[in-house]
Amino acid sequence: MKLLITGAKGQLGSELVRLGSSHELFAVDYDQLDITDANAVINCINNFKPDAVINAAAYTAVDRAESDVEAAFAVNRDGPTNLARACGQSDIPLIHVSTDYVFDGSAQRAYIESDTVSPLGVYGQSKLAGEDAVRNLCRKHLILRTSWVFSPHGNNFVKTMLRLGAEREGLGVVADQFGKPTSAAEIARLILETLPAAEGKWGTYHLAQPDRISWFGFAEAIFSEARRQGMELKVREVNAISTSDYPTPAKRPSNSELNCERLESVFGVSIRPWQKSLAEVIKELKNV
Ligand SMILES: NC(=O)C1=CN([C@@H]2O[C@H](COP(=O)(O)OP(=O)(O)OC[C@H]3O[C@@H](n4cnc5c(N)ncnc54)[C@H](OP(=O)(O)O)[C@@H]3O)[C@@H](O)[C@H]2O)C=CC1
Ligand SMILES: Cc1cn([C@H]2C[C@H](O)[C@@H](COP(=O)(O)OP(=O)(O)O[C@H]3O[C@@H](C)C(=O)[C@@H](O)[C@H]3O)O2)c(=O)[nH]c1=O
């Protein structure tokens with residue numbers, strides 16, 4: 001397939017490029033295609049004539065978004081609007097990635113696709129506006145909501161923990177926010193697997209790796225896997241703290257577990273647990 005990938009230097013974009021080599025890729029980041037520029041988006045799609053567009057571009061700085069509202073909405077709402085309009089006009093499928101942070105976390109179970117959305121912060125609000133634009137402007141769309149993305153690239157919780165764990169003896173990590181860590185490689189693998197089978201299955205799906213865990217539990221898993229692989233860490237004490245002990249500009253959902261049964265049953269795919277992906281990512285980071 002001829003695939004246009006936006007945000008190609010980000011976590012997901014990098015994995016799409018790595019795993020998508022059997023396709024003809026036009027992989028562009030901000031410097032080659034700014035998705036907030038409507039004319040540039042139309043020209044790019046008209047020139048390359050892709051079979052599908054995968055939007056991996058986003059504004060992902062959750063706390064910074066609270067004071068940088070315009071920029072977050074430009075990238076997360078206006079960018080997808082431009083892509084969806086251009087794709088919709090040419091009947092090109094658009095794969096768009098969204099987030100668990102569209103939910104407020106009040107559910108006592110895993111969220112399904114049709115659950116009420118009610119984002120707590122600017123990042124989630126801007127991503128929700130992007131989802132709406134894609135649904136309204138491009139019939140052939142897959143909106144894939146994922147969560148807690150990690151990879152060897154860019155910024156993510158795994159890399160932050162490994163950095164802090166090498167610098168400090170003690171760390172406090174929130175133990176009352178739960179979700180599903182998901183590797184960018186697993187998202188890329190599943191996008192490339194579902195896309196060729198997507199005709200007649202357009203819509204919104206949840207895509208996150210089992211199992212549900214807290215950020216604290218995830219931090220413990222990161223340190224234990226890093227030590228198992230022989231990494232030297234300074235950290236001796238990881239303390240379970242509550243959200244109120246770790247004030248941040250953006251509010252985060254206390255439960256953003258995504259139920260992914262719909263994706264698995266409609267496409268007949270199975271999503272690997274994050275533990276295996278974590279081991280692979282740490283192995284790669286160790287060798288950098
Ligand atoms: N990271 C996470 O934990 C989660 C991410 N998601 C979603 O998954 C998707 C992929 O996220 P992830 O790979 O982590 O994101 P990254 O932040 O790693 O990558 C996003 C990429 O988009 C680029 N970008 C920013 N603005 C523009 C623009 N105007 N035009 C073109 N490119 C732009 C960024 O460039 P630059 O770095 O120069 O700004 C960066 O290379 C996003 O939709 C995100 O919302 C969902 C749940 C969790
Ligand atoms: C660094 C650190 C964070 N925390 C907490 C803060 C926060 O509640 C939680 C996660 O922090 P982060 O800022 O790394 O993660 P955050 O930016 O909230 O991650 C989110 O990113 C966006 C893009 C998404 O779409 C979400 O799915 C999610 O992955 O851990 C600690 O408790 N201790 C620490 O030392």
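1. A good place to start is the surroundings of ligand 2. Sorted by class, its shell holds 11 nonpolar, seven polar and two charged residues. Please keep in mind throughout that this is a predicted model.

2. Which residues come nearest to ligand 2? Among the 20 residues around it, they are Thr-60, Val-62, Thr-99, Val-174 and Trp-215. Two elements, helix 6 (157-167) and strand 7 (170-174), each give two or more residues to this shell. Strand 7 gives the most, with four residues.

3. Now turn to ligand 1, which has 29 residues around it. Gly-7, Gly-10, Gln-11, Ala-57 and Ala-58 come nearest. Two or more residues of this shell are given by each of helix 1 (11-19), helix 4 (69-90) and strand 4 (94-99). Helix 1 is the element that gives the most, with three residues.

4. How is the shell around ligand 1 made up by class? There are 13 nonpolar, 12 polar and four charged residues in the shell of ligand 1. For ligand 2, the matching figures are 11 nonpolar, seven polar and two charged.

5. Helix 5 deserves a look of its own. Running over residues 122-137, helix 5 has 16 residues. From its first C-alpha to its last, helix 5 reaches 22 Å, close to the 22 Å expected at 1.5 Å a residue.

6. Which residues of helix 5 are buried? You will find an unbroken run in the list, Val-122, Tyr-123, Gly-124, Gln-125, Ser-126, Lys-127 and Leu-128. Further along helix 5, Gly-130, Glu-131, Ala-133 and Val-134 are buried too. It helps to recall that an α-helix has 3.6 residues a turn, so residues three or four places apart point the same way.

7. What do those buried residues of helix 5 pack against? Their partners are helix 3 (62-65), helix 4, strand 4 and strand 5 (141-146). Two of these partners, helix 4 and strand 4, also give residues to the shell around ligand 1.

8. Stepping back to the whole protein, the secondary structure comes to 10 helices and 12 strands. The radius of gyration is 19 Å, close to the 19 Å that the globule rule gives for 288 residues, so the protein is as compact as a globular protein of that length. Along the principal axes, its C-alpha atoms fill a box of roughly 55 × 40 × 40 Å.

9. Two last figures complete the tour. Of the 288 residues, 47% count as buried. Among contacts between residues at least 6 apart in sequence, 81% join residues at least 24 apart.

Note on methods
Residues numbered from 1 in each chain as written. Chains lettered and ligands numbered in written order. Predicted model: local features only at pLDDT ≥ 70, side-chain atom pairs only at ≥ 80, totals over all residues. Near = placed C-beta within 6 Å. Nonpolar A, V, L, I, M, F, W, Y, C, P; charged D, E, K, R; others polar. Expected span 1.5 Å × (residues − 1). Buried ≥ 20, exposed ≤ 12 C-beta atoms within 10 Å, placed from the backbone. Contact = placed C-beta atoms within 7 Å. Rg over C-alpha atoms; globule rule 2.2 N^0.38 Å.
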